[in-house]
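The following exercises invite the reader to examine a structure step by step. Each task is followed by a worked solution.

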Amino acid sequence: MKKTTGTLTDILKKTSPDKVGQYIEENAEEMFFDPRPFSAYMRSLIREKGVRLQDVFLLADISEGYGYKLISGEKHTKQRDVILKLCLSAGFSLLEIQRALKLYGMTPLYARFPRDAVLISAVSSGIREIAQVNRLLEQNGQHLLKGSEEM
């Protein structure tokens, strides 16, 4: 992926509906053709980072069975913290976390929300360990990351 989503959106804004097919063809390497883009994105990025899924689940305090079902799309969670814990445990950057949240259908981290501000700061500082992130949240009067239970 070379073009940002913003760049692609700008191109689309200038593309007439009868030229969308051409847009898709010209930007094929930028597109998600998998019917489960979150699953494809997570697996690809975790593989790229050289991390084992089992280790991600262990660090995120999420059972392997539940974790695999979440990543495959077999199960769905409404708890944003579960996805955040997976991303943090896999060592995702802020941009990668934002994309994962969007692909899962959740709101990205937002700097105007105090809890999200703490999370953005932690990730931007290289803090990925859940316990450290929770300490920062607690020190700033925010709710800890939760969501290891199946829902």
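**Exercise 1. Decide whether leucine 12 is buried, partly exposed or exposed, and place it in the chain.**

Solution. The model is a predicted one. The relative accessibility of leucine 12 is 35%. A residue is buried under 20% and exposed over 50%, with partly exposed in between. Leucine 12 therefore counts as partly exposed. As to its place, leucine 12 belongs to helix H1, which covers residues 5–13. A distance may be added: 12 residues separate leucine 12 from isoleucine 24 along the chain, and their C-alpha atoms are 9.8 Å apart.

**Exercise 2. Describe the protein chain as a whole: which helices and strands does it have, and what are its dimensions?**

Solution. Begin with the secondary structure. The protein chain contains 9 helices and 0 strands, and the pattern along the sequence reads α-α-α-α-α-α-α-α-α. Next, consider the dimensions. Along the principal axes, the C-alpha atoms fill a box of roughly 50 × 35 × 30 Å. Then turn to burial and surface. The chain has 151 residues, of which 36% count as buried. Its exposed area is about 9,000 Å², and carbon and sulfur atoms supply 53% of that area.

Two further values complete the description. Among the contacts with a separation of 6 or more, 60% come from residues 24 or more positions apart. The chain carries 22 positive and 19 negative charges, and the mean positions of the two groups are 3 Å apart.

**Exercise 3. Determine where the buried residues of H3 lie around the helix, and what covers them.**

Solution. First, establish the extent of the helix. H3 comprises 12 residues and spans 16 Å from its first C-alpha to its last, close to the 16 Å expected at 1.5 Å a residue. Second, list the buried residues of H3: Phe38, Ser39, Tyr41, Met42, Leu45 and Ile46. Third, look down the helix axis. The buried residues of H3 fall within an arc of 165°, so they line one face of the helix. Fourth, inspect the other side of H3, where Arg47 and Glu48 are exposed. Fifth, identify the cover: the elements over the buried residues include helix H4 (53–60), helix H5 (64–72), helix H6 (80–89) and H7. Finally, note what follows H3, namely glycine 50, with a positive phi near 70°.

**Exercise 4. Compare the surroundings of serine 39 and glutamate 96: which residues does each one contact?**

Solution. Serine 39 is part of helix H3, residues 37–48. Its relative accessible area is 7%, and therefore serine 39 is buried. Beyond its neighbours within four places in sequence, serine 39 contacts Ile71 and Ser72.

Glutamate 96 is part of helix H7, residues 94–104. With a relative accessible area of 15%, glutamate 96 is likewise buried. When residues up to four places away in sequence are not counted, glutamate 96 touches Tyr41, Leu45, Lys49 and Gly91. Two of these, Tyr41 and Leu45, are among the buried residues of H3.

**Exercise 5. Characterise glycine 67 and aspartate 61: is each one buried or exposed?**

Solution. Glycine 67 is found in helix H5. Its relative accessibility is 0%, so glycine 67 counts as buried. Apart from neighbours within four places in sequence, glycine 67 is in contact with Phe57 and Ile62. The C-alpha atom of glycine 67 is 23 Å from that of aspartate 116, a residue 49 positions apart along the chain.

Aspartate 61 occupies the loop between H4 and H5. Since its relative accessible area is 52%, aspartate 61 is exposed because the cut-off for that class is over 50%. Its backbone deserves attention as well. Most residues other than glycine have a negative phi. Aspartate 61 has a positive phi of about 60°, although it is not a glycine.

**Exercise 6. Establish how the buried residues of H9 are arranged and which helices they pack against.**

Solution. In helix H9, residues 130–139, the buried residues are Ile130, Val133, Asn134 and Leu137. Viewed down the axis of H9, they fall within an arc of 100°, so they line one face of the helix. These buried residues pack against H4, H6 and helix H8 (114–124). Just after H9 comes glycine 141, with a positive phi of about 70°.

Key. Residues numbered from 1 in each chain as written. Predicted model: local features only at pLDDT ≥ 70, side-chain atom pairs only at ≥ 80, totals over all residues. Heavy atoms only, no water. Helix = DSSP H or I, 4+ residues; strand = E, 2+ residues; numbered from the N terminus. Buried < 20%, exposed > 50% of the residue type's maximum accessible area, 1.4 Å probe, protein only. Contact = heavy atoms within 4.5 Å. Areas by Shrake-Rupley, 256 points an atom, 1.4 Å probe, with all protein chains shown as cover. Lys, Arg positive; Asp, Glu negative; His and termini not counted. Charge placed at Lys NZ, Arg CZ, Asp CG, Glu CD. Expected span 1.5 Å × (residues − 1). Arc of directions from axis to C-beta.
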